[in-house]
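Please open the structure in your viewer and keep the selection panel handy. We will walk through it one stop at a time.

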Amino acid sequence: MKILLTSFQHSKILTTISRFSVARWQPKGFSYPKLYCFSPRVTGGMDLTTEFSPKDYKTFYDEILEDNRNEIKEFMMEQFELATPILALCCWCNSSRQKDREHLYCHTILIGHYIKKQFPYVEFNYCDGRDKDWFADIFLGEEDNE
Ligand SMILES: [Zn+2]
């Protein structure tokens with residue numbers, strides 16, 4: 001199975017594959033099935049925004065993923081049972097929305113790393129600016145400890 005991590009904008013052309021929203025809400029005109037387990041919303045109502053440092057962002061978002069681990073596993077198992085060959089997880093972020101940033105600041109990058117750890121055989125495509133992985137340093141540090 002392959003998972004595309006991408007923007008709603010880019011997903012418009014992916015008309016033949018299953019598309020899901022992993023954002024808190026969707027842009028006008030989109031109504032993909034929502035995966036709340038991946039929504040970047042910290043318990044207690046605080047939104048996870050680009051105001052956070054990459055390290056804090058990753059720490060908070062990893063907690064969200066950990067809290068939702070059963071739902072995430074259920075979603076993945078469901079896709080395996082359906083034999084879904086390819087699907088897209090969509091968020092608002094793309095380079096044209098974050099012109100002031102060197103790297104795209106998007107939780108979908110972290111979703112990729114998280115699922116890869118649980119299901120190493122799943123392939124990922126980091127699309128629409130996500131190839132420039134600004135979390136790389138943090139992840140490299142982690143691998144050193146393993
Ligand atoms: Zn995003």
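How many bridges join strand S1 to strand S3, and do the two run parallel or antiparallel? Select residues 2-7 for S1 and 86-91 for S3: the two strands run parallel, and six bridges join them. Keep in mind as you look that this is a predicted model.

While these two are on screen, show Leu4, which stands opposite Ala88 in S3.

**The rest of the sheet**

Next, add residues 18-21, strand S2, which pairs with S3 in the parallel sense over four bridges. Here you can pick out Ser21, with Cys90 of S3 opposite.

Now return to S1 and bring in S4, residues 123-126. S1 and S4 are parallel too, joined by four bridges. Click on Lys2 and look for its bridge partner in S4, Glu123.

With the four strands coloured, you can read the open sheet in the order S2-S3-S1-S4, with parallel pairing. S2 and S4 stand at the edges with a single partner strand each, so one side of each has no neighbour in the sheet. From one strand to the next, the twist averages 25°.

**A helix across the sheet**

Select residues 107-118, helix H4. H4 lies across S1, S3 and S4, and runs at about 165° to S1.

**Helix H2 and its two faces**

Move on to residues 54-67, helix H2. From first C-alpha to last, these 14 residues reach 20 Å, close to the 20 Å expected at 1.5 Å a residue.

Which residues of H2 are buried? Show Tyr57, Tyr61 and Leu65 as sticks: these are the buried ones. They cover an arc of only 65° around the axis, which means they sit on the same side of H2. Add helix H3, residues 69-81, to the view, since the cover over these buried residues includes H3 and H4.

Then turn to the face of H2 directed away from its buried side, where you will find the exposed residues Lys55, Asp56, Thr59 and Glu66.

**Zooming out**

Finally, show the whole chain, with its five helices and four strands. Following the sequence from start to end, you can trace the pattern β-α-β-α-α-β-α-β-α. Of the 146 residues, 23% are buried. Among contacts between residues at least 6 apart in sequence, 66% join residues at least 24 apart.

Key:
Residues are numbered from 1 along each chain as its sequence is written. This is a predicted model: local features need pLDDT of at least 70, side-chain atom pairs count only at pLDDT 80 or more; totals for chains, interfaces and linings use all residues. A residue is buried if 20 or more other C-beta atoms lie within 10 Å of its own, exposed if 12 or fewer, and partly exposed in between; C-beta atoms are placed from the backbone. Two residues are in contact if their C-beta atoms, placed from the backbone, lie within 7 Å. Two strands pair if DSSP finds at least two bridges between them. Axes are lines fitted to C-alpha atoms, for helices over the stretch in contact, and angles run from 0 to 180 degrees between N-to-C directions. The expected span of a helix is 1.5 Å times one less than its number of residues. The arc is that of the directions from the helix axis to the C-beta atoms.
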